[in-house]
Amino acid sequence: MTTLFDPVRFGDIQLANRVVMAPLTRNRATQQTPQALHVEYYRQRAGAGLIITEATQIRPDGQGYFDTPGIHSPEQVAAWKQVTDAVHAAGGRIVVQLWHVGRISLKSLQPGGQQPVSSTHRAAKTRTYAAYGELVPTDAPRALETHELPQLIADYVQAAKNAMAAGFDGVEVHAANGYLLDQFLRDSANDRSDEYGGSIENRARLLIEVMTAVAGAIGAGRTALRLSPVTPSNDIGQDSNPQALFNYVAEQLSPLKLAFLEVVEGATGGPRDNAPFDYAALRRRFSGSYIANNGYDRALALDAVASGRADAVAIGRPFIANPDLVERIRHDLPWAAPQKESFYGGGAEGYTDYPAAELKRA
Ligand SMILES: Cc1cc2nc3c(=O)[nH]c(=O)nc-3n(C[C@H](O)[C@H](O)[C@H](O)COP(=O)(O)O)c2cc1C
C-alpha cells in the first residue's frame with residue numbers, strides 16, 4: 001500500500017514524500033524581492049516532499065497585495081536563487097507559483113497608478129491589502145484587449161524561464177482563487193465577446209495557451225497547475241457549470257503530460273463541500289498526478305494517499321506554525337496553531353520563529 005511517506009515522481013520532479021507545502025502568501029518581500037528571511041523560512045520547511053512557494057507575480061501589473069514577490073527582474077531571480085539553493089541543500093524540492101491577480105488589485109499597487117487588468121471591466125466586490133493591516137476595496141479593472149493576450153502569455157513564459165534560471169524544480173501556474181486566469185475561466189466573471197469569452201472552449205483558451213507555451217519553454221515535466229473549481233474566493237462567483245468547464249480543462253491539458261494538477265477541493269480555507277463537484281471525475285480526465293488540498297488534517301491526508309484518491313496532499317496553514325510538519329505527521333505529534341495576525345506581513349515573528357517539535361521537547 002502506498003503511504004504519505006513514500007517517494008514519488010511528478011514529471012521531472014522527484015519527491016521524498018507526498019506531503020506538499022501549499023502556496024502561502026506572507027507579504028514579507030521588500031521591493032517585490034525575497035530577503036534573507038525568505039531563505040530561512042523556506043529552508044526550515046524543506047522536509048516537505050515539495051514546497052510550492054507563495055504566489056509570485058509574473059510582471060509588475062500582476063501584483064495585488066503589498067510586499068508580494070515577483071519573478072520578472074534579475075534582482076528577483078538572484079534573490080530566489082538563494083531560496084532554491086537553501087532548500088536543495090536541505091534535501092527539499094521547490095516550485096514557484098506563477099501569479100497574476102487580474103482585478104484583485106489597486107491602482108496604488110499598479111505601475112504608474114494605472115487601472116488593474118482583467119477579463120472584464122466589472123470590479124470584484126472584495127478587498128485587498130494595500131499595506132499591513134489595511135484592507136481596502138479593489139479598484140475597477142479594464143478588460144484586456146484581445147491583442148494584449150499574446151504578450152500576457154509571453155510574460156508567463158518569461159517568468160517560467162526566470163524560474164529555471166533561479167534554480168526552481170518547476171513552476172505551478174496559479175489559475176485558482178479568483179485571480180486572472182480564473183477570471184477568464186468562469187462565466188461568473190468573464191463577459192467577453194471575443195474568442196476568449198462565451199463558450200467553455202473560449203473561456204478555457206487563455207489557460208490552455210499559457211500552459212502549452214510554458215510547458216513548451218521549460219518542459220511539461222516541470223510545469224504544473226493549480227485549480228479551485230468551486231471556490232467563491234475573491235468574489236469570483238460560481239460558474240454556471242463548473243464540472244463541464246474544469247473537466248474540459250483537464251481533458252485538453254492531458255496530452256501535454258504536465259507534472260501535476262493541484263486542486264483546492266471546496267472553498268479555499270473553508271468548507272470542503274460548499275458546492276457539489278466530482279473531483280474523482282476531474283482526476284480521471286487528467287493524465288498527470290493529482291495533488292489534493294484544502295482542510296487536510298493527518299487522518300484525511302493519510303487516507304487520501306492510502307486509498308489512492310490522491311497522489312499527494314498539499315497542506316497550507318499548518319505549515320505556517322509547523323516547519324517540521326512531515327515529521328509531526330510521521331510520529332503523530334501535535335500540530336501547533338499559527339498566529340493569524342502574522343499571516344500577512346511583518347518580520348520574523350510568526351514567520352521563522354516557530355520551533356520544530358524536537359526543539360520544543362528539548
Ligand atoms: C496565509 C495564507 C496565504 C495563502 N496564499 C496563497 C497563495 O499565495 N496562493 C494560493 O494558491 N493559495 C494561497 N492560500 C490558500 C492555501 O494554499 C490553501 O489552499 C488553503 O489554506 C487551504 O489549505 P489548508 O486547509 O491546508 O490550509 C493561502 C492561504 C493562507 C491561509
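A polar contact is a pair of N or O atoms within 3.5 Å. In the predicted model described here, an oxygen atom of the ligand lies 2.8 Å from a polar backbone atom of Gly295, so this pair falls within the 3.5 Å cut-off and counts as a polar contact. Two side chains also approach the ligand through polar atoms. One belongs to Asn293, where a polar side-chain atom is 2.6 Å from an oxygen atom of the ligand. The other belongs to Arg317, where the separation between a polar side-chain atom and a ligand oxygen atom is likewise given as 2.6 Å. Taken alone, the ligand exposes 610 Å², and the protein buries 93% of that area.

The surroundings of the ligand comprise 19 residues. The closest of these are Pro23, Thr25, Arg226, Asn293 and Arg317. The ligand is located in the largest pocket.

Backbone geometry was examined at two residues. Asn294 has a positive phi of about 110°, although this residue is not a glycine. Asn294 is placed in the loop that runs between strand S13 (289-293) and helix H8 (298-306). The relative accessible area of Asn294 is 3%, and Asn294 is therefore classed as buried, the limit for that class being under 20%. A positive phi in a residue other than glycine is also found at Asp235, with a value near 55°. Asp235 belongs to the loop between strand S11 (223-227) and helix H6 (242-253). With a relative accessible area of 34%, Asp235 is partly exposed, because this value lies between the limits of 20% for buried and 50% for exposed residues.

Ala312 is part of strand S14, which covers residues 312-315. The relative accessibility of Ala312 is 0%, so Ala312 counts as buried. Along the chain, Ala312 and Ala22 are 290 residues apart. In space, the C-alpha atoms of Ala312 and Ala22 are separated by 11 Å.

At the level of the chain, an unreviewed UniProt entry places the feature "domain: NADH:flavin oxidoreductase/NADH oxidase N-terminal" at residues 4-334. Within residues 4-334, helix makes up 32% of the span and strand makes up 18%. The C-alpha atoms at the two ends of this span lie 17 Å apart.

How values were computed
Residues are numbered from 1 along each chain as its sequence is written. This is a predicted model: local features need pLDDT of at least 70, side-chain atom pairs count only at pLDDT 80 or more; totals for chains, interfaces and linings use all residues. Side-chain values use heavy atoms; hydrogens and water are left out. Helices (H or I, at least four residues) and strands (E, at least two) are DSSP runs, numbered from the N terminus. Buried means under 20% relative accessible area, exposed over 50%, partly exposed in between (1.4 Å probe, protein chains only). UniProt positions are given in the numbering used here, feature names are shortened, and annotations may be inferred rather than shown by experiment. A residue is near a molecule or strand if one of its heavy atoms lies within 4 Å of it. A polar contact is a pair of N or O atoms within 3.5 Å; within protein, one must be able to donate a hydrogen and the other to accept it, and residues adjacent in sequence count only if both atoms are side-chain atoms. Accessible areas come from the Shrake-Rupley method with a 1.4 Å probe; for residues, only the protein chains shown count as cover. On a 1 Å grid over the protein atoms alone, a cavity is a set of points where a 1.4 Å probe fits but cannot get out, and a pocket is an open set with protein on both sides within 12 Å along at least five of seven lines; lining residues have an atom within 4 Å of a point. A molecule sits in a cavity or pocket if more than half of its atoms lie within 2 Å of its grid points.
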